[in-house]
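Hi,

Here is the structure I promised to pass on. Have a look at it first, and my notes on what turned up follow below.

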Amino acid sequence: MPKISRYKLEKRMEELILRQLAQNIQKITEEDGVSLLMNNLFTRTEKIMLAKRIAIAILLEKEWNYTAISNALKVSPTTISFVKNSKLNASPEYEKLLGKVERIYLTGIKEVDFVDRLNKK
């Protein structure tokens with residue numbers, strides 16, 4: 001689990017920097033640029049954690065059960081439940097975005113290959 005500083009940000013500052021992060025990532029259109037940014041800002045653990053959560057959301061959409069997801073991605077039922085609850089409370093915009101991400105993740109590959117790709121180190 002990534003560590004977070006014990007020094008708490010003010011809520012307004014947290015919202016500002018998270019909004020700026022999203023806007024800056026959105027401005028990077030080249031895949032290499034996003035990879036470069038992620039490789040320089042995030043640890044391997046943070047990148048894997050994010051990728052797994054996106055994969056969980058996609059596999060839940062594909063109606064995979066908790067056991068199959070847990071075995072394939074090596075995640076706990078608690079993590080799957082967190083992602084599922086986030087999806088249940090999500091806005092229509094999030095669902096639309098998830099559909100786009102799903103198409104990108106699964107373009108031209110079988111679900112089994114998708115899981116194999118996720119588990120490669």
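**What I found**

Leu-41 sits in helix H2, which covers residues 31-41. Before I go on, bear in mind that this is a predicted model. Is Leu-41 buried or exposed? It counts as exposed, because its relative accessibility is 51% and the cut-off for exposed is over 50%.

Leu-41 also belongs to a nonpolar patch on the surface, about 650 Å² in area. The other members are Leu-9, Met-13, Leu-16, Ile-17, Leu-18, Leu-21 and Ile-25. Helix H1 (residues 11-27) gives the patch its largest share, six residues.

**The chain as a whole**

If you want the overview, the protein chain has seven helices and zero strands. Read from the N terminus, the order of elements is therefore simple to write down: α-α-α-α-α-α-α. The chain has 121 residues, and 17% of them count as buried. It exposes about 9,800 Å², with carbon and sulfur atoms supplying 56% of that area. As for contacts between residues at least 6 apart in sequence, 53% of them join residues at least 24 apart.

**H3 against H4**

Now to a helix pair. Two packed helices are described by the angle between their axes and by the distance between those axes. For helix H3 (residues 44-61) and helix H4 (residues 66-73), the angle is about 150° and the axes are 11 Å apart. The crossing of H3 past H4 is right-handed.

Which residues meet there? From H3 they are Lys-52, Ala-55, Ile-56, Leu-59 and Leu-60, and from H4 they are Tyr-66, Ile-69 and Leu-73.

Lys-52 deserves a few more words. This H3 residue is partly exposed, since its relative accessible area is 23% and buried would require under 20%. Leaving aside residues up to four places away in sequence, Lys-52 touches Leu-73, Lys-74 and Val-75. Its C-alpha atom is also 9.6 Å from that of Thr-79, although the two residues are 27 apart along the chain.

Tyr-66, from the H4 side of the pair, has a C-alpha to C-alpha distance of 8.5 Å to Ser-81, 15 residues away in sequence. Ser-81 is in helix H5. It counts as partly exposed because its relative accessible area is 24%, which falls between the cut-offs of 20% and 50%.

**Two loop residues with positive phi**

You may want to check the backbone at two places. Where is Glu-63? It is in the loop between H3 and H4. Its phi is near 65°, a positive value in a residue that is not glycine. Glu-63 counts as exposed because its relative accessibility is 72%.

Lys-74, one of the residues that Lys-52 touches, is in the loop between H4 and helix H5 (77-88). It is not a glycine either, yet its phi is positive, at about 55°. With a relative accessible area of 61%, Lys-74 is therefore exposed.

That's what I have so far. Shout if anything is unclear.

Cheers

Notes:
Residues numbered from 1 in each chain as written. Predicted model: local features only at pLDDT ≥ 70, side-chain atom pairs only at ≥ 80, totals over all residues. Heavy atoms only, no water. Patch = residues over 30% accessible without salt bridge, like charges linked within 9 Å, V, L, I, M, F, W, Y side chains within 5 Å. Areas by Shrake-Rupley, 256 points an atom, 1.4 Å probe, with all protein chains shown as cover. Salt bridge = Lys/Arg side-chain N within 4 Å of Asp/Glu carboxyl O. Helix = DSSP H or I, 4+ residues; strand = E, 2+ residues; numbered from the N terminus. Buried < 20%, exposed > 50% of the residue type's maximum accessible area, 1.4 Å probe, protein only. Axes fitted to C-alpha atoms, helices over the stretch in contact; angles between N-to-C directions. Left-handed = near helix turned anticlockwise from the far one by under 90°. Contact = heavy atoms within 4.5 Å.
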